[in-house]
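Visitor: I would like a close look at a single part of this structure, followed through in one connected account. Please take me through the sheet that belongs to the second domain and then place that part in its surroundings.

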Amino acid sequence: MATEKFLWRHIGPRPEDIENMLKVVGVSSLDELIEQTVPESIRLKKPLDLPAPLTEFEFISRMKAVASKNKLYRTFIGQGYYDTITPAVIQRNILENPAWYTSYTPYQAEVSQGRLEALLNFQTMVVELTGMEISNCSLLDEATAAAESMTMMYGLRGKEMKKAGANKLFVDNQIFPQTKDVLITRSAPQGIELVYGDYDTFEFTPDVFGAIIQYPAANGEVRDYKAFADRVHANGALLSVVADMMSLVLLTPPGEWGADVVVGTTQRFGIPMSYGGPHAAYMATREEYKRNIVGRIIGVTIDAQGNHALRLALQTREQHIKREKASSNICTAKALNATMAGFYAAYHGREGLERIARHIHSAAVILAEEIQKLGYKLKVNKFFDTLRFELPEGVSQAAVRDAALEQEINLFYCNCGCGKVVGLSTDEKINEKEINTLIGIFAKAAGKTAAHVQFLDDRTVLDPVMLRDDEILQQSVFNIYHSETGMMRYMKNLERRDISLATSMISLGSCTMKLNAAVEMLPITWPELGAIHPFAPMSQAEGYQQMIRETEEMLCKVTGFAGCSLMPNSGAAGEYSALMVIRQYHISRGEGHRNVILIPASAHGTNPASSSMAGFKILVTATDPEGNIDVEDFRKKAIENRDNLIGAMITYPSTHGIFEESIKELCKIVHENGGQVFMDGANMNGQCGLTSPGEIGADACHLNLHKTFAMPHGGGGPGVGPICVASHLVKFLPSHTMVKTGGEEGIHAVAAAPYGSVGMLPVTYGYLLMLGGEGLAMVTKMAILNANYLASSFEKLGFKILFKGSKGRVGHEMIWDCNMFNKEYGISELDIAKRLMDFGFHAPTLSFPVHGTLMVEPTESEPKEELDRFIEALKTIREEMIEVGEGKADKTDNVLKNAPHTHKVLTADEWSHAYPRSKAAYPLAWVAENKFWPQVGRVDDGYGDRNLMCTCDPLESYADEK
Ligand SMILES: Cc1ncc(COP(=O)(O)O)c(C=O)c1O
């Protein structure tokens, strides 16, 4: 076999390992294993028809050719996306560094202290700039963050309002159109009515529960909202503010004038525009709403030794864990982008940020002055960075556009129909030359000539009352890493605290932590992709359009569907989008009353959470003792609800790791009773090239490109969750108010940007182009082989695999039952998970979807040697459990209960345990050769929740409320 082909770079085991692995599994060939695993009835009849695989070199050449079709015009469109400078130290050490981009969401705090600290920095930055009390660490984008704030305020209605059915949300007219678009999508199924108007004239009525405004407003105006905030509160309503982070460096923060929630994007903190994303959004609120804030919150706590430690705060952590009671399905967010934005703030510090913000503002002031001199009328006098000009008599938008395009510059052209307004937004990159070019464009359109102006960063149009005067970002992290050496070492210091794929295998089940190949990641930071504004003319984004079209086509072939939308920014966002498409399909047939959805008990929490956001009534269906969906219970519930059945959500292969034989039957039942089948594609790594959602009989699915299709997980995002749908649903695919996309009768937007986090798309594009159809099928087979190799080996060690298919095989992942260890030895799945850290391994998925278990998914990318090391670690852990059982080790003071062991504990002068230090630190010889040291001991979640602290202030400033 040609191992220089990408396929054999991507796959971990060497071709010569396969025979040995098959022997352990007990089959004679890979095909025999697949026959025993994937039911014949659902197998694809012919190979996937994807283009012939490219080599890595061929892919990069192709990608260069595609990217070069994008035209790098300088863009001053604004509208929520601005050019920015990514400090090279951040680009190289974070965005291009697998130690940062391949790590998982920091659920296992002891091996995630680095990214937890980076995200705590982000939260601190948000709290400081917004003037609020608490912040989460990242949401998907500005528009969905605004929608999350709407739902949050709705949930926070007082008793009276709830009783009276107050359901109106005031939306100020000066909000970006894409934000409004998403608010429309998200409000409808919740029964929320949007009322639009001008903030200063709007008359509140008792049925208004909240208001959303933008700061600065969409037309650029810096408004004094204090009186409005008072009116909102006098009406018993809450106020959400969509705020531009960079402007907050100078402006009086919303927290000071009465905001209850503040949301927005952090894109302009060093994150390239990338045709729309990925960019991290934020949400900040008052302390009293800490249990209502959505997404993740990083909090400070202590570890088993009482040392400072970080972890995901509050038991709720992510809303979707509340399943159908959740108000949000947010799971994967934009952690890597949030990390970068936090570092951007730390690198520049307060003074640096102020310099940047003043630079942006001063440029706008000069442009305003000079362009007015040419006869253009400035529509808004108090602005930060955004200008709106009414054109002089006889000057058309087209004339300005022509003059701008001649200089390869994009401006904002108001499309309200008046044809008389042109605008621009300044950014961090702007310089004197560009300022003069911009003035020249307006001069040319007006038939005038303009004198050269000098650019000094000292101008303002803002009154002192509009400016903040507090001392922000005083925390040490924002004040000591301003040299590149200092910053690089800080990043390295944090990096060393975390397990990523650069350290070892991450066997998290349902997460598919496979290789994110360097060649796939290379294009991500190319300027041809980074510097494109999402609302740039199509003619400047031909490269992106080609990559989008070709990736969509390939994903359609892989899923067996007819249409695709790349808009959703995460798996959960994909679930929601597909459900909304299904809802629209029923509405279009006059069956809008259908609202009952069947969801198996084993489903991921995002499934019921997404359904609830889509306004559906959830009926949980049972699973049988083998872990399969109980067909009779499913049928009974479908028939009982046939008049109102909207559909079902099914994960396949199931979250129990099984290819259920009954899948076609289940789809038939749903269809016979009037519903549509949504397939949760998080487990597509068990399907690609062998079967497909279309083949099985589903109508729609989402894909987690950040799992199956090689995008990195980034410590919790970016995620890309496209949806693929059968032909009858294509016309309902999500549209976008600014860019024509989606179906002819498309639902409103589900994300701020028309193609979501499309900046990450080269990864999946490359993955598919370099594997081709057969390669993709081989990847799936190897994922199944790796899983069965582990399953067979673990069984020999006495681990019980909870569920298997009818022929005794697991799919691409498996669940081990740890309950018997608990009964026999008092050792829990948590102890096993934590002890694995002493061996340098990340824990498998803990207690999902079955309590008392560990779920393991090795993926095809793990080499046999790594699988063998993992098995050896588990063998040692098994022996350590037996030692406890036999009384050779203490029941509570043993290596498992005390795990993980930190270097501080092991090098302390005091050592009171009955086992030697060497056993704790180096349980196997190879562990000592390349030891990973967990930064903290087992974290104390309870302490952290009782003493909630979510910014990086000194720990001593918070007293124990116990
Ligand atoms: C089965 C399943 N569905 C949906 C999701 C949600 O995906 P995301 O985290 O990208 O929102 C996950 C995430 O782990 C999952 O495992």
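Guide: What follows starts with the sheet, moves on to the helices and loops beside it, and then turns to the rest of the chain.

The model is a predicted one, and its protein chain is divided into domain 1 (349-466), domain 2 (560-756) and domain 3 (773-943). The sheet you ask about is an open one, built from seven strands in the order β16-β22-β21-β20-β19-β17-β18, and its pairing is mixed. At the edges stand β16 (563-565) and β18 (617-621), each of which pairs on one side only. On average, neighbouring strands of this sheet are turned by 20° against each other, with direction ignored.

One pair in the sheet can be followed down to its residues. Strand β21, residues 700-703, and strand β22, residues 723-725, pair in the antiparallel sense, and three bridges hold that pairing. Within it, A700 has V725 of β22 as its bridge partner. Two helices pack on the sheet beside this pair. Helix α20 (residues 542-559) touches β16, β21 and β22, and its direction makes about 120° with that of β16. Helix α21 (residues 571-588) touches β16, β19 (645-651), β20 (676-681), β21 and β22, and its direction makes about 160° with that of β21.

The loop between β21 and β22 deserves a pause, since P718 lies in it. The peptide bond from G717 to P718 is cis, with omega near 15°. As background, most peptide bonds are trans, and most residues other than glycine have a negative phi. A cis peptide bond also joins F848 and P849, where omega is about -5°, and P849 lies in the loop between β25 (845-846) and β26 (853-856). An unusual backbone angle of the other kind belongs to L473, which has a positive phi of about 55° although it is not a glycine; L473 is found in the loop between α16 (432-445) and α17 (484-495).

The ligand comes next. There are 16 residues around the ligand, and C331, T332, G571, A572 and A682 come nearest. By class, the shell around the ligand consists of four nonpolar, eleven polar and one charged residues.

Looking outward from the sheet, one can ask how domain 2 meets domain 3. Their centres, taken over C-alpha atoms, are separated by 33 Å, and 16 residues of domain 2 are in contact with 19 residues of domain 3. On the side of domain 2 that touches domain 3, the residues divide into five nonpolar, nine polar and two charged.

For a setting in terms of annotation, the UniProt record, an unreviewed entry, lists residues 9-442 and 476-738 for "domain: Glycine cleavage system P-protein N-terminal". In the model, the end C-alpha atoms of residues 476-738 lie 42 Å apart, and that span is 33% helix and 13% strand. The UniProt annotation "domain: Glycine dehydrogenase C-terminal", also from an unreviewed entry, covers residues 780-901. For residues 780-901 the end C-alpha atoms lie 37 Å apart, and the span is 46% helix and 10% strand.

Finally, another open sheet of seven strands can be set beside the one you asked about; its order is β2-β8-β7-β6-β5-β3-β4, with mixed pairing. Here β2 (134-135) and β4 (193-197) stand at the edges, each with a single partner strand, so one side of each is left without a neighbour in the sheet. Strand β6 (residues 238-243) and strand β7 (residues 261-265) run parallel and are joined by three bridges, and V242 has V263 of β7 as its bridge partner. Helix α8 (residues 142-155) packs on this sheet, touching β3 (168-172), β5 (208-215), β6, β7 and β8 (281-285), and its direction makes about 165° with that of β7.

Technical notes. Residues are numbered from 1 along each chain as its sequence is written. This is a predicted model: local features need pLDDT of at least 70, side-chain atom pairs count only at pLDDT 80 or more; totals for chains, interfaces and linings use all residues. A residue is near a molecule or strand if its C-beta atom, placed from the backbone, lies within 6 Å of it. Ala, Val, Leu, Ile, Met, Phe, Trp, Tyr, Cys and Pro count as nonpolar, Asp, Glu, Lys and Arg as charged, and the others, Gly among them, as polar. Two strands pair if DSSP finds at least two bridges between them. Helices (H or I, at least four residues) and strands (E, at least two) are DSSP runs, numbered from the N terminus. Axes are lines fitted to C-alpha atoms, for helices over the stretch in contact, and angles run from 0 to 180 degrees between N-to-C directions. Two residues are in contact if their C-beta atoms, placed from the backbone, lie within 7 Å. Domain bounds come from an automatic or database domain assignment. UniProt positions are given in the numbering used here, feature names are shortened, and annotations may be inferred rather than shown by experiment.
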